[in-house]
Protein chains: 2
Amino acid sequence: MTYCIGIRLNAGLVFLSDSRTNAGMDQISTYRKMMIYEKPGDRFMVMLSAGNLSISQSVREILQVEKIDRGPEQPALTIWNADSMFDATRVLGAAVRRVYDQDGPSLKATGVDFNASMIFGGQIKGEAMRMFLVYSAGNFIEATRETCFFQIGESKYGKPILDRVLTPTTPLDEAAKCALVSMDSTLKSNLSVGLPLDLLVYQEGRLESSDHVCIDDRNPYFQMIHSTWGQRLREVFEGIDDPRWDGGDTEHPLLAPSRRYEPMRKINHPGERIV
Amino acid sequence: MTYCIGIRLNAGLVFLSDSRTNAGMDQISTYRKMMIYEKPGDRFMVMLSAGNLSISQSVREILQVEKIDRGPEQPALTIWNADSMFDATRVLGAAVRRVYDQDGPSLKATGVDFNASMIFGGQIKGEAMRMFLVYSAGNFIEATRETCFFQIGESKYGKPILDRVLTPTTPLDEAAKCALVSMDSTLKSNLSVGLPLDLLVYQEGRLESSDHVCIDDRNPYFQMIHSTWGQRLREVFEGIDDPRWDGGDTEHPLLAPSRRYEPMRKINHPGERIV
């Protein structure tokens, strides 16, 4: 599996991906899942991919040369001449569909789903930063102020912390930290997600990749996150009162009767009363 | 969907279940998913169920009367006369298979999976407490010292905190708190899990249900967990240093070069260098 996060903030974009790929438990490999496409000063785009590796590698390869015909009056649309991230994402959708045309029928014949999803975000000169989630049919949705992040792959373990922290006004470094905490929880609970991680932070308006790092198990910052977060979480957990069944004079009684619901159903041994 | 947790500790058992059921987004209902089967002083058993509601309701109903034939010499095996939780769980497996025989072919004909899973735990006089996870084929696995909890339904959001906290020596009330925190994270991130909750804590050797409560949105303890956990989590999060891209003299630099891995791949505009 895979776990990738893309975040669109007012201040910029954050991308984080793991690098584990598995085709069954005895076929585990390391593949990086982040790719940067850029023309410094003009456009900066990042793709994160999840799903079937043969599909995402093909999409990645095709994307740099994919064209959408715009008739004789205009040059074909590519990610290099698109005026907007929306149009660039249409090109990505077309690349996905091209791979589907090539491989879909054979995959189907062998019972393999055409399964791939991509986070595609960036900025093209003259336009605001944008981020899209592209599905395996080549269709896509865009991140908004209300929903400012996308996850692909093993997304559930790490979702609660993103839900609790991220808003469009979150500073870039804090969002990067949040993504790393989310990744740490996922690594802890799911073996199919693994190091190294690729982290990239893009500042609004730069139009080229600036801050990125490949994080392995020796990275001091990620080691700190890993040990501190787990330990502090335990401290917070221990700092919250345990529930008290004996009543006592606790401030937050557990044994408050529900207003609407009856006590639990119980089936007693037959011959006795059934509540 | 559903989210249920069963925990087997040295001190006893903890069961927690939500009560949301949905058959599509416009068919959302409240169904309790915990059932107690008991003969005080002799046996105490709890079943939590997830999956297709028609299946789990049928299993629940059949379980109290299900029999496994043991030949002419012995009375048929039931949950009421089983000498061990293992045998009682075999009866539960037989109940699942009976429902499969009744409903499986028709479900299959309409394209519905026979999807159900159950956590079944308790204690029978003369035996230690045991807990099992029963699959839709009626087969099952048992919780052990190394893996002391089971989850069914929407289990991923709430797994990291269980992974971090629970061991067989965790006290009962702390485990109940942990289950509630896990449920709170799941409720926050997934609409298909909902209140009220059923919480039951069983003390080793009691052989009858003792501490249980139905928790709705007015429950003071759960309200406290809900607000405190989210707030403290944010405080801990804010208390961890942000990553610094500018280097600086930070104690935990983010920009440590990876020992094994190269920097990220970048595709520049064609005509330029491709790294």
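A salt bridge, for today's purposes, is a side-chain nitrogen of Lys or Arg within 4 Å of a carboxyl oxygen of Asp or Glu. Keep that in your head, because with that definition the count between chain A and chain B comes to 10 salt bridges. One of them joins Asp184(A) to Arg164(B), where the closest N and O atoms are 3.4 Å apart. One caution before I go on: what you see above is a predicted model.

Okay, so let's stay with the contact between the two chains. Chain A puts in 85 residues, and chain B puts in 85 residues. People often give the size of an interface as the accessible area lost when the parts come together. Here chain A and chain B bury about 8500 Å² between them, and 63% of that is on carbon and sulfur atoms. There are also 39 residue pairs in polar contact between chain A and chain B, counting pairs with both residues at pLDDT 80 or more.

Which elements of chain A give two or more residues to the side that touches chain B? On the strand side of the list we have S5 (34–39), S11 (197–203), S12 (211–215) and S13 (266–268) of chain A. The helices are H3 (159–165), H4 (172–189) and H5 (220–239) of chain A. H5(A) gives the most, with 14 residues. By class, that side of chain A has 41 nonpolar, 14 polar and 30 charged residues.

Now for a part I like: a sheet with strands from both chains. Six strands make an open sheet in the order S9(A)-S8(A)-S7(A)-S6(A)-S5(A)-S13(B), and the pairing is mixed. Why do S9 (140–142) of chain A and S13 of chain B each have one side without a neighbour in the sheet? Those two strands stand at the edges, each with a single partner strand, so one side of each is left open in that sense. From one strand to the next, the twist averages 20 degrees.

A quick reminder on pairing: strands of a sheet pair through backbone hydrogen bonds, either parallel or antiparallel. Where the chains meet in this sheet, S5(A) pairs with S13 (residues 266–268) of chain B in the parallel sense, over three bridges. If you want a spot to click on, find Ile36(A), which stands opposite Lys266(B) in S13(B). S5(A) also pairs with S6 (residues 43–51) of chain A, this time in the antiparallel sense over six bridges. In that pairing, Lys39(A) has Arg43(A) in S6(A) as its bridge partner.

Helices pack on this sheet too. H1 (residues 53–63) of chain A touches S5, S6 and S7 (116–124) of chain A, and its direction makes about 165 degrees with that of S6(A). H2 (residues 85–109) of chain A lies across S6, S7, S8 (130–134) and S9 of chain A, running at about 155 degrees to S7(A).

Let's hop over to chain B for another sheet. This one is open, with five strands in the order S10-S1-S2-S11-S12 and antiparallel pairing. At the edges stand S10 (149–153) and S12 (211–215) of chain B; each has a single partner strand, so one side of each has no neighbour in the sheet. Here the twist averages 5 degrees from one strand to the next. Inside the sheet, S2 (residues 12–17) and S11 (residues 197–203) of chain B pair in the antiparallel sense over six bridges. Phe15(B), for example, has Leu200(B) in S11(B) as its bridge partner. H4 (residues 172–189) of chain B packs on this sheet, touching S1 (3–8), S2, S11 and S12 of chain B, and its direction makes about 20 degrees with that of S2(B).

Back to salt bridges for a second. Over all chains, the structure holds 28 of them. One is between the side chains of Lys159(A) and Asp163(A), at 3.0 Å from N to O. Both residues lie in H3 of chain A, four residues apart, which is about one turn of the helix.

Last stop, some backbone details. Most residues other than glycine have a negative phi, and most peptide bonds are trans. So where do we find cis ones? The bond joining Leu195(A) and Pro196(A) is cis, with omega about -5 degrees, and Pro196(A) sits in the loop between H4 and S11 of chain A. In chain B, the bond from Leu195(B) to Pro196(B) is cis, with omega near 0 degrees, and Pro196(B) is in the loop between H4 and S11 of chain B. As for phi, Leu207(A) has a positive value, near 55 degrees; look for Leu207(A) in the loop between S11 and S12 of chain A.

Technical notes:
Residues numbered from 1 in each chain as written. Chains lettered and ligands numbered in written order. Predicted model: local features only at pLDDT ≥ 70, side-chain atom pairs only at ≥ 80, totals over all residues. Heavy atoms only, no water. Contact = heavy atoms within 4.5 Å. Buried area = accessible area lost by both parts, 1.4 Å probe. Polar contact = N/O pair within 3.5 Å; in protein donor to acceptor, adjacent residues only side chain to side chain. Nonpolar A, V, L, I, M, F, W, Y, C, P; charged D, E, K, R; others polar. Pairing = 2+ DSSP bridges. Axes fitted to C-alpha atoms, helices over the stretch in contact; angles between N-to-C directions.
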